[in-house]
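Biologist: I would like a close look at one part of this model, namely the salt bridges and the places where they sit. Please take me through them slowly, and then show me what surrounds them.

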Amino acid sequence: MSIKQSEVTEDLGKLFEAACVELPMAAAKRMFGDQEDNAVRDAGWKAYDSWVRLANDASNRMYANPTFGTLAGRGIQAGLQVTRVVDAVASAIFGNLWPAIGLPTALELQALRSDVKALREELRTVVAEAGRASANDARDDDAYAAARGAEAGNESAEIIWHGYKPAPKRKAKEGKKSVAL
């Protein structure tokens with residue numbers, strides 16, 4: 001114990017010496033241009049190191065004290081109890097207030113999110129099918145041009161064929177539900 005006490009006394013002496021003697025003297029000498037810049041920095045680090053050692057020793061002693069451990073345990077337990085009470089009061093107040101105001105509950109929001117996700121998936125499927133249908137349309141255009149054959153250059157045939165294009169065949173829905181509500 002006396003070794004620990006002498007270390008604490010030594011650290012207190014170093015802190016006092018660095019903070020109250022060396023640091024002001026180094027700052028004054030630097031101001032008047034008598035000393036290098038490093039002296040102020042060294043004095044500051046000496047004060048900082050001794051302060052950190054003192055704070056570390058004090059916290060170690062505090063945590064080693066059984067009375068502090070008991071008080072800290074009770075404080076944590078009391079904090080958890082207060083949290084439970086606050087949660088219960090908040091759920092009692094907002095549980096009745098929420099529907100009265102007309103705001104959606106968490107379950108309703110979750111159901112809405114799942115509906116939106118399902119709609120996204122359905123939209124992706126429809127877009128993919130439309131991409132395949134446009135590829136089929138391109139093939140239909142090629143068939144249309146091949147069917148016109150030699151008449152394609154004839155202006156009178158252009159009048160006949162202008163605007164006429166057979167509608168592409170559509171695939172069945174394959175058991176999918178409609179997007180409309």
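Modeller: A search through the whole structure, which is a predicted model, finds 7 salt bridges. A good one to begin with is the pair K46 and E17, whose side chains meet at 3.6 Å, counted from N to O. Because K46 belongs to helix 2 and E17 to helix 1, this pair ties together parts that are 29 residues apart in sequence. K46 counts as partly exposed, because its relative accessibility is 28%, and E17 is likewise partly exposed, with a relative accessible area of 35%.

K46 has a further partner, since its side chain also meets that of E22 in a salt bridge, here with 2.8 Å from N to O. E22 lies in helix 1 and K46 in helix 2, so this pair ties together parts that are 24 residues apart in sequence. E22 counts as partly exposed, at 26% relative accessibility.

Another salt bridge joins the side chains of E121 and R124, at 2.7 Å from N to O. Both of these residues lie in helix 4, which covers residues 106-148, and they are 3 residues apart, about one turn of the helix. An α-helix has 3.6 residues a turn, so residues three or four places apart point the same way. E121 is partly exposed, with a relative accessible area of 39%, while R124 counts as exposed, because its relative accessibility is 51% and the cut-off for that word is over 50%. Returning to the bridges between helix 1 and helix 2, the salt bridges that share partners join E17, E22 and K46 into one network.

Next to K46 in the sequence comes A47, which leads from the charged pairs to the nonpolar core. A47 touches L15, A18 and A19, when residues up to four places away in sequence are left out of the count. The largest nonpolar core is made up of 5 residues in all, which are V8, L15, A18, A47 and L54. The elements that give two or more residues to this core are helix 1, residues 2-31, and helix 2, residues 38-64, and the largest share, 3 residues, comes from helix 1.

Helix 2 itself deserves a careful look. It has 27 residues, and from its first C-alpha to its last it reaches 39 Å, which is close to the 39 Å expected at 1.5 Å a residue. Within helix 2, the residues A39, A43, A47, S50, L54 and D57 are buried, and two of the residues on that list, A47 and L54, also belong to the largest nonpolar core.

To place these helices in the whole, it helps to follow the chain from its beginning. From the N terminus on, the elements of the protein chain run α-α-α-α-α, and the chain has 5 helices and 0 strands. Buried residues make up 8% of the 181 residues in the protein chain. The accessible surface comes to about 14,900 Å², and 62% of that area belongs to carbon and sulfur atoms. Among contacts between residues at least 6 apart in sequence, 58% join residues at least 24 apart.

The surface also has a nonpolar region that can be set beside the charged pairs. V85, V89, I93, F94, L97, W98, I101 and L103 make a nonpolar surface patch of about 710 Å². One of these residues, V85, lies in helix 3, which covers residues 66-101, and V85 counts as exposed, because its relative accessibility is 52%.

W98, another residue of the patch, is also a contact of P104, which touches W98 and L109 when residues up to four places away in sequence are not counted. P104 lies in the loop between helix 3 and helix 4, and with 38% relative accessibility it counts as partly exposed. Helix 4 is also where the salt bridge partners E121 and R124 lie, and that brings us back to the salt bridges you asked about.

Terms used: Residues numbered from 1 in each chain as written. Predicted model: local features only at pLDDT ≥ 70, side-chain atom pairs only at ≥ 80, totals over all residues. Heavy atoms only, no water. Core = buried A, V, L, I, M, F, W, Y, C linked by side-chain atoms within 4.5 Å. Buried < 20%, exposed > 50% of the residue type's maximum accessible area, 1.4 Å probe, protein only. Helix = DSSP H or I, 4+ residues; strand = E, 2+ residues; numbered from the N terminus. Contact = heavy atoms within 4.5 Å. Salt bridge = Lys/Arg side-chain N within 4 Å of Asp/Glu carboxyl O. Patch = residues over 30% accessible without salt bridge, like charges linked within 9 Å, V, L, I, M, F, W, Y side chains within 5 Å. Areas by Shrake-Rupley, 256 points an atom, 1.4 Å probe, with all protein chains shown as cover. Expected span 1.5 Å × (residues − 1).
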